[in-house]
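Subject: Two-chain model, handover and notes

Hello,

I am passing the structure below on to you. Please look it over before reading the notes underneath.

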Amino acid sequence: MQIYLPIAEVSINAFLLLGLGGIVGFMSGMFGVGGGFLITPLLFFIGIPPAVAVATGANQVVASSVSGVLAQWKRKAVDVRMGLVMQAGGLVGSAFGIAVFARLAALGQVDLFVQLCYVLFLGVIGALMLHESVRSLRRARKATTLVRRTHSHTWVHRLPFKMKFRASGLYISVLPPLAIGAGVGFLSAIMGVGGGFIMVPAMIYLLGMPTKVVVGTSLFQIILVSAFTTLMHAITSGTVDIMLALLLIIGSVVGAQVGARVGVKLQAEQLRILLALMVLAVSLKVGADLVLPPGETYSVTPEAVQ
Amino acid sequence: MIRALAFCLAFALPAAAQEESIVAGLSQTSISITTNYVGSEILVFGAVRREAPAPAGPPLDVIVVVEGPHTPVVVRRKERNLGIWMNAEAERIESAPSFYAIATTGPLNEVLSEEDDLRERITIGQAIKLADDDDTADSQPFTDALLRVRQASGRYRINESSVWLDEQTLFRADVALPSDLIEGQYRVRIFLTREGQVIDVLERDIGVRKAGLERFLYSLSREQSLLYGLLSLALAVLAGWGASAIFQRLRR
């Protein structure tokens, strides 16, 4: 069943979009990430214009984060105060990202910048995650439990403007959460991702938050930032395709619930290795497109007539 | 039916000054893009109208050109820089058709002379306009690339020998329109040629408009973008909440 998308102005098979949303939702449910980093490149691949893919991807992230945060909320695994501080930073970062996106689009370098962001962030995060999980898997095999200090004091703890975060059991400066929020908001606007794959490690290693509140808090913060990003894209460039979003969302919310069910059955370390490999694979694919000689060195972009 | 209609048209129109002129119609004069739009085919049909018997000599040829709305485009060339392929030079082309299809009765270089092509702007290359101050030699690779890229994606097509011409009088051509049409007036031109010389031209228009839900969503996103954005968000929140609520029910 072909369906004509009103904003993307292409006709695409509706089941392909439902399936795409389903696969991404399945993975996001299994790994506890928003899945934006998968859906945006996949949309490029099936011929959705990049600007529409990024904006609509952000809209899809809102749906999958809402779906995810509700489950975490019931477990009281959301640090609302930390989430709000990060959101404040996130809004600034997102607004800045939208402006950079528009400027780069005018220069014709937006594709390059988005691709470089993908290669860099996914590559680094994927490699770190793989390294970390392989090491802890080995450690588990040797059955020697290594004690990790929960409160290692670093430079992060010497900054001013301290604030109590009760749910996380932390008394730290608001500056690092603000900065992390801003960075993730920027990436959300540029890459059409929620940024969970960056925020989760940052919360654990930089802020020292307990693992049990990390996923819920990151989902909570992603909702508002990606909602803001969606709204900004809709207003400044009119690139959110509601029809495309609807199909992706239906696929992904169903997929996410199934994925969460499967995820429970797998071992946490195995899950992390799988996720790391997938993140690395996306990064390598995008990287290869940048380095390998393209089949056609010219590209054509219609200029929007206002 | 169509032929009968063509003949009716032939007699209804006033006589032209030329010895041979075109009478033609289109199977549709407007196209609505709805949710299930997958492309469409327009039938261009007609006849050659004569006051006297057909003159002896080389046979007639028919060229049908369907042309989408023009927009400015930017053509960019990638170059290798620090091991990475990135956009380097760019050339702005003042106006290029978003869609262009040519159908003819024979090989294009036989049915159309170069002078008449220049005068009537028939081939795709003639339809592309550069900015006035542009040096043609510099932008040549970019315009060539535009033609190549759009031909590969099916936006520009040349279908030689696809027009059917019967008894030097009746003709018909089917032109397929792609599913990724943009809105606007599409111009259909029909040329009658002999030995490459254009004898007569006829022009018709097809209006392409989004309709129904497509129309509503598209104009909402342009005119009420805040409302549209909020609607997209409401949809996302509702779907996310709904899915988790439904699945929780199922689990019990």
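The notes below go through confidence, each chain in turn, and the contact between the chains.

Confidence

This is a predicted model. Its scores are ipTM 0.76 and pTM 0.75. For chain B the mean pLDDT is 83, with 90% of the residues at 70 or more. Within chain B, the lowest confidence falls in helix α1 (residues 2-12), where the mean is 53, and the highest falls in strand β7 (residues 100-104), at 92. Residues 10-17 of chain B have pLDDT under 50 throughout. For that stretch the model has six contacts beyond four places in sequence.

Chain A

The secondary structure of chain A consists of 10 helices and five strands. A compact globule of 306 residues would have a radius of gyration near 19 Å, and chain A agrees with this because its own value is 19 Å. The C-alpha trace of chain A spans about 60 × 40 × 40 Å along its principal axes. Of the 306 residues in chain A, 54% are buried. Taking contacts in chain A between residues at least 6 apart in sequence, 81% join residues at least 24 apart.

Helix α10 of chain A covers residues 268-291, which is 24 residues. From first C-alpha to last, α10(A) reaches 34 Å, close to the 34 Å expected at 1.5 Å a residue. Which residues of α10(A) are buried? They are A:L275, A:A276, A:V279, A:S283 and A:V286.

Chain B

Chain B has seven helices and 12 strands. Its radius of gyration is 24 Å, whereas a compact globule of 252 residues would come near 18 Å. Taken along the principal axes, the C-alpha atoms of chain B fill a box of roughly 85 × 55 × 30 Å. Buried residues account for 30% of the 252 residues in chain B. Among contacts in chain B with a separation of 6 or more, 71% are between residues 24 or more positions apart.

One open sheet in chain B is built from six strands, in the order β2-β12-β11-β4-β7-β8, and its pairing is mixed. The edges are β2 (30-33) and β8 of chain B; each has a single partner strand, so one side of each is left without a neighbour in the sheet. On average, neighbouring strands of this sheet are turned by 15 degrees against each other, direction ignored.

At one edge, β2(B) runs parallel to strand β12 (residues 197-210) of chain B, and four bridges join the two. One position in this pairing is B:S30, whose bridge partner in β12(B) is B:G207.

At the other edge, strand β8 of chain B (residues 156-159) includes B:N159. Is B:N159 buried, exposed or partly exposed? The residue has 16 other C-beta atoms within 10 Å. A residue counts as buried at 20 or more and as exposed at 12 or fewer, so B:N159 is partly exposed. Beyond its neighbours within four places in sequence, B:N159 is in contact with B:I102 and B:A103. The C-alpha atoms of B:N159 and B:A101 are separated by 7.6 Å, although these residues are 58 residues apart along the chain.

Contact between the chains

How many residues does each chain bring to the contact? Chain A gives 48 residues and chain B gives 48 residues. On the side of chain B that touches chain A, the elements giving two or more residues are β5, β6, α5 (136-152), α6 (212-223) and α7 (225-251) of chain B. The largest share of that side is the 16 residues from α7(B).

There is also an open sheet of three strands with members from both chains, in the order β5(A)-β5(B)-β6(B) and with antiparallel pairing. Here β5 (298-302) of chain A and β6 (84-97) of chain B stand at the edges; each has a single partner strand, so one side of each lacks a neighbour in the sheet. Neighbouring strands of this sheet are turned by 25 degrees against each other on average, direction ignored. The pairing across the chains is that of β5(A) with strand β5 (residues 70-81) of chain B, which run antiparallel and are joined by five bridges. Within this pairing, A:S299 has B:R76 of β5(B) as its bridge partner.

Regards

Technical notes:
Residues numbered from 1 in each chain as written. Chains lettered and ligands numbered in written order. Predicted model: local features only at pLDDT ≥ 70, side-chain atom pairs only at ≥ 80, totals over all residues. Expected span 1.5 Å × (residues − 1). pLDDT = per-residue confidence, 0-100. Contact = placed C-beta atoms within 7 Å. Rg over C-alpha atoms; globule rule 2.2 N^0.38 Å. Pairing = 2+ DSSP bridges. Axes fitted to C-alpha atoms, helices over the stretch in contact; angles between N-to-C directions.
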